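Q: I have a model open and would like to learn how to read it. Could you take me through it feature by feature?

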Amino acid sequence: MLTKEENHHRRNVSEKFAFLSLRLSLFLVMFILGVILYDITAKGIGVLSWDFITKMPKTGMTEGGIFPAIVGTLYVTVLAALLAVPLGVASAIFLNEYATQGKITRLIRISLRNLAGVPSIVFGLFGVALFVQIMGFRASLLAAGLTLGLLTLPVTVTAAEEALKTVPKSFREGGLALGATKWQMIRTLVLPPAFPGMLTGVILGLARAAGETAPILFTGAAFFLPFLPNSPFSQFMALPYHLFIMATQHHNISAVRPIAYGTAFVLLAMVFLLNLGAIILRYRYRKRFQR
Amino acid sequence: MQRFKEKSVRYFFMVCGLLSIVILFGIFYLLLNSSFPAISKVGIKAFFAEGYWNPTAFSGPQYSIWNLIKGTFMVGAGSLIIAVPLGVACAAYLAEIASTREREIFKPIIEILAGIPSVVLGFFGLVVVAPLLSRLFNIPTGINALNGSILVGIMALPTVITIAEDAISSVPQNYKHASLALGATRWQTLRKVILPAALSGIIAASMLGMGRAIGETMTVLMATGNALANPSSFLDSVRTLSANIAIEMGEVPMGSVHFHSLFFVGLVLFLITFVINLIADLIFQHYREGA
């Protein structure tokens, strides 16, 4: 039988030990992230130079830069945004402003959540079937961009809806009370204050699209092209695909390892900057309507 | 005129909102439609029979996806074994123990982890984790199911942490106060009251993590070795459903049985993740209504 003090002491020790191990798990995750970022940065940053990001690959991609891959990724991401942003914002406006909460909105939300869980490679297959074959775009920037756009749609809708939800109800009621129609009210009173929040979501969606490889594998990304894409129907090089090739498919993998590291670093930096931008934007606007 | 405009705006938003349902069904329909020629030629039974995936064999091609499914679930389960305990520990720490300041620092960092493109993680697995495993287990290469599990586990971590944290923080404060008032320590309260109350949310988080892990393509493609043999341990090279599509889709002649059978593989992958996500969704609904 333990005395009261002994029991108390034991409980305290076990609590300290338990909390310490929980804290250590968090530090372990941070450590893993740190190792990943450190490894890519340390070995990638040395490869980085003005030429590396502005020149074409040379001599069987064993030398030269990754310029066409950067440009391709920018193009395809912008194309994805052109599809996902208007559609996502419009869906969010319907869900949050027009629809009465019932069976239809529930079905839409379930679809969105499931769409978010559809594997990216399945989106790739869907892109092949719909855009490449049925619509006849062939493997192209357009087909890949549309595929990526659909992939990011759930992220955009969710973010846009969150943003709409932060706008106080009184804004809407005030507008309607002054005699504005519903659309006038949404356009002038709801959308402007929701804009920064939506932008955050869009940026996060784009960051995801820019890093995706599987959906563009067969919808338009090319192994190597000696020129930049000149129309939406051209094939293109992309950073994530370029990294994949440099890491696993190139005929001389060990020789191009530095280029692979450089590509990984540029891709990571791009995604990281987009994420950072979104986080800062959200942090600045988060407290706007809280009182 | 005004009323007509209002109505058409409303319909426009409704159509956009309904589009996500259309896309989800469209994905299912096109996958089914494109895999139909393979299903009728090969037969459902042959796909699921024990055997090998070897569609290009000169005499008697085989289409069994048995080993692919096995590989997929090995990596899925392996990654959960890593991601769930670690993720829930982090979530418990963030929700119950961390100070507000700590939370504000760690949560964006976890988002950064979520933002790392899968191809970069795959590259990391290839150049850092593989040599490590090969030395640790004294095997010729560290590119195997274990490597894939570790990386996909890291990938699934942010999903598990975010959703589990949500579940833990939405446990009513009364439970906690009642437990503390009865003289339980904070650790006893966390372990015996809060975590059990959040269990359904934690399970849902694990399911979503599983969904992500099973659908993940680039990381497993680069880190698991993609052998078609029947794997007997985690130190064997495995090929997952997703990787199989990624490897073969680019080289297969369009319209062949092989081409269509890859759509069938996509359909199976889609259905598996769909069911997993749906279960997670149902659990969510359940605990939201319960709370």
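**Reading the model, step by step**

A: Let's start with confidence, since this is a predicted model. In chain A, the lowest mean pLDDT, 78, belongs to strand β2 (residues 63-64) of chain A, while helix α5 (residues 120-134) of chain A has the highest, at 93.

Q: And what does chain A average in pLDDT?

A: The average for chain A is 88, and 97% of the residues score at least 70.

Q: Next, the fold. How many helices and strands does chain A have?

A: You'll find 10 helices and two strands in chain A. Going along the sequence, the order is α-α-β-β-α-α-α-α-α-α-α-α.

Q: How do I judge whether chain A is spread out or compact?

A: Set its radius of gyration against the globule rule. For 291 residues the rule gives 19 Å, and chain A comes in at 24 Å, well over that, so chain A is more spread out than a compact globule. Along the principal axes, its C-alpha atoms fill a box of roughly 75 × 70 × 35 Å.

Q: What about burial and contacts in chain A?

A: Of its 291 residues, 48% count as buried. For contacts, look at sequence separation: among those in chain A with a separation of 6 or more, 76% are between residues 24 or more positions apart.

Q: Now chain B. What pattern does it follow along the sequence?

A: Chain B reads α-α-β-β-α-α-α-α-α-α-α-α-α-α, with 12 helices and two strands. The box for its C-alpha atoms is roughly 75 × 75 × 30 Å, again along the principal axes. Buried residues make up 49% of the 291 in chain B.

Q: How do I tell whether a single helix is enclosed or not?

A: Count its buried residues, meaning those with 20 or more other C-beta atoms within 10 Å of their own. Take helix α11 (residues 241-248) of chain B: six of its eight residues are buried, so this helix is largely enclosed by the rest of the structure. The buried ones are B:L241, B:S242, B:A243, B:N244, B:I245 and B:A246.

Q: Last one: how should I read the interface?

A: People often give the size of an interface as the accessible area lost when the parts come together. Here we can go by residues in contact: 64 of chain B with 67 of chain A. On the chain B side, helix α1 (residues 2-42) of chain B gives the most, with 18 residues.

Q: Which classes of residue make up that side of chain B?

A: The side of chain B that touches chain A has 44 nonpolar, 15 polar and five charged residues.

Definitions and conventions: Residues are numbered from 1 along each chain as its sequence is written. Chains are lettered from A and ligands numbered from 1 in the order in which they are written. This is a predicted model: local features need pLDDT of at least 70, side-chain atom pairs count only at pLDDT 80 or more; totals for chains, interfaces and linings use all residues. Two residues are in contact if their C-beta atoms, placed from the backbone, lie within 7 Å. Helices (H or I, at least four residues) and strands (E, at least two) are DSSP runs, numbered from the N terminus. Ala, Val, Leu, Ile, Met, Phe, Trp, Tyr, Cys and Pro count as nonpolar, Asp, Glu, Lys and Arg as charged, and the others, Gly among them, as polar. A residue is buried if 20 or more other C-beta atoms lie within 10 Å of its own, exposed if 12 or fewer, and partly exposed in between; C-beta atoms are placed from the backbone. pLDDT is the predictor's confidence in each residue, from 0 to 100. The radius of gyration is taken over C-alpha atoms; the globule rule is 2.2 Å times the number of residues to the power 0.38.
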